[in-house]
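Let's take a walk through this model, starting with its empty space and ending with the ligand.

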Amino acid sequence: MTQATLFERIIAREIPATIVFEDAQCLAFKDINPQAPLHALVVPKRPIPKVSDAVPSDAALLGHLLLVAAQVARDAGYGEAFRLAINNGAGAGQTVFHLHVHVLAGRPLTWPPG
Ligand code: AMP
């Protein structure tokens, strides 16, 4: 049996988190190490390790994550200016291998990101 990911354990309420949104398909919660006044993570309840592991049948779920991410930004009062980021692979900074969308807002967001 494979071990549950950190985010599966948050979804199961085994690890506490500040939850900002939940539905049947996903959970959104505050990042423990925020990089902006709003820094939330939107994670699918069905774990996919990373975007590059997704398959065509995941398309609706992936789209849903983006819609929820925009809703999380709107709900926090940042609906007009926010950044969504997905790190894919250790070389791109991914540390938790359970796909998640970072939602960042509330400070100037420069480009390119680091
Ligand atoms: P990434 O580096 O893209 O894989 O992002 C993983 C994110 O998970 C980082 O921004 C971490 O700060 C965040 N994180 C790690 N542990 C927790 C936790 N227990 N609760 C909330 N966020 C976490």
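The largest pocket holds about 770 Å³ of space, a volume filled by probe spheres set on grid points joined across faces, edges and corners. Here a pocket is an open set of points on a 1 Å grid over the protein atoms alone, with room for a 1.4 Å probe and protein on both sides within 12 Å along at least five of seven lines; lining residues have an atom within 4 Å of a point. Keep in mind that this is a predicted model: local features need pLDDT of at least 70, side-chain atom pairs count only at pLDDT 80 or more, and totals for chains, interfaces and linings use all residues. Residues are numbered from 1 along each chain as its sequence is written, and side-chain values use heavy atoms, with hydrogens and water left out.

The lining of the largest pocket runs to 31 residues, with D31, Q35, H39, N87 and H102 nearest its centre.

So what sits in there? The ligand does, meaning that more than half of its atoms lie within 2 Å of the pocket's grid points. Around the ligand are 16 residues, the closest being D31, N87, G93, T95 and H102 (near means a heavy atom within 4 Å).

Now for the polar contacts (N or O pairs within 3.5 Å). The side chain of D31 puts an N or O atom 2.5 Å from a ligand oxygen. For the side chain of H100, that distance is 2.9 Å, while V96 uses a backbone N or O atom at 3.0 Å from a ligand oxygen.

Technical notes. A polar contact is a pair of N or O atoms within 3.5 Å; within protein, one must be able to donate a hydrogen and the other to accept it, and residues adjacent in sequence count only if both atoms are side-chain atoms.
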